[in-house]
Each structure stands twice: as structure tokens, then as C-alpha cells.
Amino acid sequence: MKFEEKLRVIRENNGLTQEEVGRIIGVKREIISYYESGSRAISVTNLQKFLNFLGISMKDFKENKLKGSIQVAYRKDHISEEDFDQVIWLNKFVMNLSELKNL
């Protein structure tokens with residue numbers, strides 16, 4: 001599966017619009033469209049932010065395991081940018097803790 005297609009599949013599987021993904025990583029909707037079409041490369045920082053929000057490790061992304069190990073429940077209409085950052089931080093913490101337990 002192509003890199004761009006993975007981004008779209010992950011977004012759609014999680015019921016997110018391009019606009020919502022843009023809010024999560026802090027870019028405009030158009031930029032997400034560019035990422036998904038391959039017109040523009042996503043930065044590692046933005047990719048990591050997106051994956052952390054959904055509880056997907058970079059390793060799983062590379063191996064086409066596109067479902068997160070962490071389930072996030074939130075009301076899309078009432079989440080602030082600060083809330084996105086907190087969800088991203090918490091998911092990253094939980095994923096790191098899980099990896100440490102597996103060592």
C-alpha cells in the first residue's frame with residue numbers, strides 16, 4: 001500500500017475528515033489533501049502527531065498495521081487544540097509504557 005493511501009485509510013477508518021486531521025496536527029485541510037494525494041510530503045513530526053493521536057506506532061504504520069492499540073473517545077465538536085495535544089501526549093506515553101513492558 002502506498003504511503004499516501006495509508007494516510008487516507010487511517011483517516012477514514014477512524015471516521016475523521018481531512019479538516020479534523022488538520023486540526024489534530026495543526027495544518028489546513030488543504031495540506032491534508034496534498035498529503036493524501038502525494039502532492040506534498042508529510043513531515044515526520046506531523047505524521048508522528050497523527051499516529052500518536054490514534055494510538056498507532058510508527059513501526060505498525062510501516063508494517064501496514066493501521067489500527068491503533070489505544071482507543072480514544074472524544075466529542076469532535078467540542079475538543080480544543082490543547083485537548084488534542086493532551087490526547088497525543090497521553091497516547092504516546094501509553095504506547096511507550098507498553099513497549100517497555102514488552103522488553
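**Notes on a six-helix model**

1. Let's start at Phe 50. Setting aside residues up to four places away in sequence, Phe 50 touches Leu 7, Ile 10, Arg 11, Leu 16, Val 21 and Ile 25. Keep in mind while looking at these contacts that this is a predicted model.

2. Phe 50 also turns up in the largest nonpolar core, a set of 23 residues. Which residues have the most contacts inside that core? They are Ile 10, Phe 50 and Phe 61. As for where the core comes from, α1, α2, α3, α4, α5 and α6 (81-101) each put in at least two residues. The largest share is from α4, with 5 residues.

3. Now for α1, which spans residues 3-13. Its buried residues are Lys 6, Leu 7, Val 9, Ile 10 and Arg 11, so if you're colouring by burial, note that Lys 6 and Arg 11 are on that list. Two of the α1 residues that Phe 50 touches, Leu 7 and Ile 10, are among the buried ones. As general background, an α-helix has 3.6 residues a turn, so residues three or four places apart point the same way.

4. What covers those buried α1 residues? The cover includes α2 (18-25), α3 (29-37), α4 (44-54) and α5 (58-62). Just after the helix, have a look at Gly 15: this glycine follows α1 and has a positive phi, near 65°.

5. Next, the α2 and α3 pair. Their axes lie 8 Å apart and the packing angle is about 105°. Angles of 65 to 115 degrees count as roughly perpendicular, and α2 and α3 are therefore roughly perpendicular to each other. On the α2 side, the contact uses Gln 18, Glu 19, Val 21, Gly 22 and Ile 25; on the α3 side, Arg 29, Ile 32, Ser 33, Tyr 35 and Glu 36. Sorted by class, that contact has 4 nonpolar, 3 polar and 3 charged residues. Val 21 and Ile 25, both in this contact, are also touched by Phe 50.

6. Finally, the chain as a whole. There are 6 helices and 0 strands, and the order along the sequence reads α-α-α-α-α-α. Of the 103 residues, 36% are buried. Taking contacts between residues at least 6 apart in sequence, 61% join residues at least 24 apart. The accessible surface comes to about 6800 Å², and carbon and sulfur atoms account for 50% of that.

Key. Residues numbered from 1 in each chain as written. Predicted model: local features only at pLDDT ≥ 70, side-chain atom pairs only at ≥ 80, totals over all residues. Heavy atoms only, no water. Buried < 20%, exposed > 50% of the residue type's maximum accessible area, 1.4 Å probe, protein only. Helix = DSSP H or I, 4+ residues; strand = E, 2+ residues; numbered from the N terminus. Contact = heavy atoms within 4.5 Å. Core = buried A, V, L, I, M, F, W, Y, C linked by side-chain atoms within 4.5 Å. Areas by Shrake-Rupley, 256 points an atom, 1.4 Å probe, with all protein chains shown as cover. Axes fitted to C-alpha atoms, helices over the stretch in contact; angles between N-to-C directions. Parallel < 35°, antiparallel > 145°, perpendicular 65-115°, else oblique. Nonpolar A, V, L, I, M, F, W, Y, C, P; charged D, E, K, R; others polar.
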